[in-house]
Amino acid sequence: MSRRRRRLEDPRAAIEAKRRRPGLPAEPPRPDGSPAAVEAALGAVAALFPRRLFGDALPPLLLRHQLYSLVPDRTAVDRHLERLRAEGRLRLLHLGLGPDALGVVSARLYREKALAAVAGSPREPLVRRFLEVAVMARPELSYGERQLVAVGLLTVRDVGSWWVAVPGVGRFVRALLRGRRALLSLFRRARLRQLPQGALGGGKTPPGAALGVPFLLHDLLGEGRLQSIPTPAGPLLRLAEP
């Protein structure tokens, strides 16, 4: 297994790097849009995913636009993710957060957690067959057959079509929405609706931000809801809303 692949599938190697700068988003070592820069961003954001919050039932899940906060070349990010998807190394998932908000997850860990969710149940053979024949062999975002909705592997897209999903992903989406509201509320109450990034890294986690401030900052920066302004004292984060 290559070093790049280990960084994508097992984010533990990036955790120590994160600990050296507690509470702050990782800085991109090579924000040049190269495959190496995208791989580094994948590892850094995946390392922020709070697995214990979900009882380790979910694989490290991140949003595509979070990578944009580390690698500004969005086209390069999308191109590399598409290559990894076509190679069967990761899955792209619609999470119901909008047409452009795609989830990104390691294909190997996706399979492991999906099987763990039905281990020992009568549904396990069906889930295993679906993963091997459909999901792993065909990395499309959606499918046209009605099956496996009950175990959370498919969610409704429209009549006769379903998105591929992760069992239990609804808990992640609810936590993300609560966390967004919590951080945005801080900025709306702040003077000039801006805060030093460093002020958010070492303090008490705001109520509702269970996913962690660094994870949520990547979300809000990548989606464009916050702007990062360089200053001699460090990045200044400003609310992008009018």
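Q: How many helices and strands are there in the protein chain?
A: This is a predicted model, and its protein chain has ten helices and nine strands. Of the 242 residues, 50% count as buried.

Q: What share of the contacts in the protein chain joins residues 24 or more positions apart?
A: Contacts can be sorted by the separation of their residues in sequence. Among contacts with a separation of 6 or more, residues 24 or more positions apart account for 60%.

Q: What is the strand order in the open sheet of three strands?
A: Strand order is read across a sheet, from one edge to the other. Here the order is β1-β3-β2, and the pairing is antiparallel. β1 (62-63) and β2 (90-94) are the edge strands, each pairing on one side only.

Q: How many bridges join β1 to β3, and which residue is the bridge partner of Leu63?
A: Two bridges join β1 to β3 (residues 102-106), and these strands run antiparallel. Leu63 has Gly103 in β3 as its bridge partner.

Q: Which helix packs on the sheet?
A: Helix α6 (residues 107-117) does, touching β2 and β3. The direction of α6 makes about 85 degrees with that of β3.

Q: Is Leu109 buried or exposed?
A: Burial is judged from relative accessibility, with under 20% counting as buried. Leu109 lies in helix α6; its relative accessibility is 7%, so Leu109 counts as buried. In sequence, Leu109 and Pro59 are 50 residues apart, yet their C-alpha atoms are 5.7 Å apart in space.

Q: How are α3 and α5 oriented to each other?
A: An angle of 65 to 115 degrees between directions counts as roughly perpendicular. The axes of α3 (residues 35-46) and α5 (residues 74-86) come within 10 Å and cross at roughly 80 degrees. The two helices are therefore roughly perpendicular to each other.

Q: Which residues of α3 and α5 meet?
A: From α3 there are Pro35, Val38, Glu39 and Leu42; from α5, Ala76, Val77, His80, Leu81, Arg83 and Leu84. By class, this contact has seven nonpolar, one polar and two charged residues.

Q: Which residues in the largest nonpolar core touch the most other members?
A: A core can be read through its members and the elements that supply them. This one has 57 residues, of which Leu42, Leu67, Leu95, Phe172 and Leu211 touch the most other members. Helix α8 (residues 169-189) gives the largest share of the core, eight residues.

Q: What does Leu67 touch, not counting residues up to four places away in sequence?
A: Leu67 touches Ala41, Leu42, Val45, Leu62, Val77 and Leu81. Of these, Leu42 in α3 and Val77 and Leu81 in α5 are also among the residues where those two helices meet.

Definitions and conventions:
Residues numbered from 1 in each chain as written. Predicted model: local features only at pLDDT ≥ 70, side-chain atom pairs only at ≥ 80, totals over all residues. Heavy atoms only, no water. Pairing = 2+ DSSP bridges. Helix = DSSP H or I, 4+ residues; strand = E, 2+ residues; numbered from the N terminus. Contact = heavy atoms within 4.5 Å. Axes fitted to C-alpha atoms, helices over the stretch in contact; angles between N-to-C directions. Core = buried A, V, L, I, M, F, W, Y, C linked by side-chain atoms within 4.5 Å. Buried < 20%, exposed > 50% of the residue type's maximum accessible area, 1.4 Å probe, protein only. Parallel < 35°, antiparallel > 145°, perpendicular 65-115°, else oblique. Nonpolar A, V, L, I, M, F, W, Y, C, P; charged D, E, K, R; others polar.
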